[in-house]
Amino acid sequence: MKMVRTIKGTHDILPAQSGDWQDLETQIHKTANLHGYDEIRTPIIEDAALFNRGVGEETDIVSKEMYSWIDKDKSTISLRPELTAPVVRAYVQHNLGGQSLLQRLYYIGPSFRRERPQKGRQRQFHQFGVEAIGSDNPEQDAEVISIGWNILNNFGINELELNISSIGSDDCRTNYKQELINYLKPFIPQLSEVSQHRLKHNPLRILDTKNKDEIKIIESAPKIENFYTKEDETYFLTVQQYLDDLEIPYKINPLLVRGLDYYTQTTFEISSKKIGAQDALLGGGRYDGLIKSLGGKDVPAVGFAAGMERILIATDSRKRTDKQVACIYIVCTDLSALGPLQQIAKNLRELDIKVILETLRRSMKAQMREANKKNANYAIIVGEQEAIDKTVQLKNLNEGKQDTINQGELIAYFKSLTF
RNA sequence: GUGGGUGUAGCUCAGCUGGUUAGAGCACCUGGUUGUGGCCCAGGAGGCCGUGGGUUCAAGUCCCAUCACUCACCCCA
């Protein structure tokens, strides 16, 4: 019989790793809450139209990476490739804007994209992110950026680099796009096939090219900052001012172009040099037009998404602060004592003490080895004699000392004890 | 979609120019005398050497195919 295994690009998170995940999740919940953000959870499957309209048909994500299928009722369903569109959908659907002018939301969960897997890239991967929906002021951008920065920083990732840019207002971008196209037209024969296609559909993306010849051409292309309106410029400078106030270091990178259609004004990305080619840990920006385009009111918003697998890769060498929980292993070689020991185990657990009770009926030596392997602080040992006497041998496994205690006195003993 | 690398025990790997019953470390199990862990010692279990075909007296080792994993490109978290 052939073994069934995880499908390409998906991974099990095994017990040896799940503690790291829990730590990261704890850090996310904590930092987001400290900034006044509340969690939102949305379905993993959505109407495909949400992403076609929200993320954009021309993006790689939707045009070639999205898992979609036609359901039994002929509707087209997609596994979500990202969470901003779903969160906005929920905001619009439940009219969250009606409850308060500003919604500060965060999320954690899996996303799906059908790509060739490599280091830091999977077909099922986990993202967390925040979305601040309602404010069009630069302090909101700075707040969102700082949450991302703080989570990564608090989690102990070194060599973080924050790049920021602004792609300006709609007017600015329209003018700039036209100028860029005019500039690039004479170079069309020298452009790659992909870039030629982009020239028609999404010329800004050409700025992000990795092709050496194209990089040279781009170097003397018109710069977007020359097309900012007065307001765009002030806005971007104010975001920078607040980042300075928050003591968050950043680099201005005008070539930072994000591959999703919905961004406006501020865009940003945090990366780490430590993790291979896929070095973006977190990316986001302002998306003032998205809510309206998904059927809501004309509400401004800003947010980011971060890749949890990549963060964990970047923290590989991190020292986990092992919060050793109190643990007792119950060693029993006399079945007649098992009933009373069940009772004792239950009572100890009610004191928030981790209790593991042998269920393999192994030899005493094997059970003691197991207790050691589980890092138990104490072993409660009951053999033939103790079963008769209604006592236990209580062994402190750190010190190696052992005492006889009446079964009836055990709970009181542990109540008075601090681990 | 395109290109490179790698497939030997649960894990990390060794196996020279093809030559007997395929090895190590870690992990696992059992012991080291009366019912007690860690350290140490002894023993044990565990591999159709990714799969299929070919060359050969002989293939883990050479050739071909195939699959899987992995890294990178594109793009993204």
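## Strands S9, S10 and S11

In this predicted model, Glu269 sits opposite Gly283 in strand S10. That pair belongs to an antiparallel pairing of strand S9 (residues 264-272) with S10, held over 6 bridges. Gly283 also stands opposite Ala305 in strand S11. Strand S11 covers residues 301-307, and its pairing with S10 is again antiparallel, over 5 bridges. If you're tracing this part of the fold, Gly283 is a handy marker, with Glu269 across from it in one pairing and Ala305 across from it in the other.

How much of strand S10 is buried? Strand S10 runs over residues 280-286, and 6 of its 7 residues are buried, so "mostly covered" is a fair description given that buried means under 20% relative accessible area.

## The nonpolar cores

The largest nonpolar core has 80 residues, and the members that touch the most others are Leu162, Leu281, Phe304 and Ile311. Helix H5 (residues 138-154) is the top contributor to this core, putting in 7 residues. There's another core lying apart from it, made of 23 residues. Its members include Ile330, Ile353, Leu410 and Phe414.

## Helix H5 and its partners

Two packed helices are described by the angle between their axes and the distance between the axes. Here's how that works out for H5, taking helix H9 (residues 230-245) to begin with. The axes of H5 and H9 come within 8 Å and cross at roughly 45°. At that angle H5 counts as oblique to H9, because it falls outside the parallel (under 35 degrees), perpendicular (65 to 115) and antiparallel (over 145) ranges. The crossing of these two helices is right-handed. On the H5 side, the residues making the contact are Pro138, Glu139, Asp141, Ala142 and Ile145, and they meet Tyr235, Thr238, Val239, Tyr242 and Leu243 of H9.

Then there's helix H1 (residues 15-34), which packs against H5 at an angle of about 140° with the axes 10 Å apart. That makes H1 oblique to H5 too, because roughly antiparallel needs an angle over 145 degrees. H1 passes H5 in a right-handed crossing. Which residues do the touching between H1 and H5? From H1 come Gln27, Ile28 and Thr31, while H5 offers Ile147, Asn150, Ile151 and Asn154.

## The three-stranded sheet

Strands S2, S4 and S3 line up in that order as an open sheet of 3 strands, with antiparallel pairing. Strand S2 (45-47) and strand S3 (68-70) are the edges, each pairing on one side only. From one strand to the next, the twist averages 35°.

Zooming in, S2 and strand S4 (residues 76-79) run antiparallel and are joined by 3 bridges. Asp47 stands opposite Ile77 in S4. Helix H2 (residues 48-56) lies across S2 and S4, and runs at about 75° to S2.

## Two positive phi values

Which residue in the loop between helix H12 (338-350) and strand S13 (354-357) deserves a look? That would be Asp352, which is placed in that loop. Asp352 has a positive phi of about 65° although it isn't a glycine. Asp352 counts as exposed because its relative accessibility is 70%, over the 50% cut-off.

Lys390 is another one to check. Its phi is near 60°, a positive value in a residue other than glycine. Lys390 lies in the loop between helix H14 (384-389) and strand S15 (391-396). With a relative accessible area of 55%, Lys390 is exposed.

## Around Arg114

Arg114 is placed in the loop between strand S5 (103-112) and strand S6 (124-133). Is Arg114 buried, partly exposed or exposed? The answer is partly exposed, because its relative accessible area of 46% lies between the 20% and 50% limits.

Setting aside neighbours within four places in sequence, Arg114 is in contact with Lys64, Glu65, Tyr67 and Arg123. For a distance to check in your viewer, try Arg114 and Ala277: they're 163 residues apart along the chain, and their C-alpha atoms are separated by 18 Å.

Conventions:
Residues numbered from 1 in each chain as written. Chains lettered and ligands numbered in written order. Predicted model: local features only at pLDDT ≥ 70, side-chain atom pairs only at ≥ 80, totals over all residues. Heavy atoms only, no water. Core = buried A, V, L, I, M, F, W, Y, C linked by side-chain atoms within 4.5 Å. Buried < 20%, exposed > 50% of the residue type's maximum accessible area, 1.4 Å probe, protein only. Helix = DSSP H or I, 4+ residues; strand = E, 2+ residues; numbered from the N terminus. Pairing = 2+ DSSP bridges. Axes fitted to C-alpha atoms, helices over the stretch in contact; angles between N-to-C directions. Contact = heavy atoms within 4.5 Å. Left-handed = near helix turned anticlockwise from the far one by under 90°.
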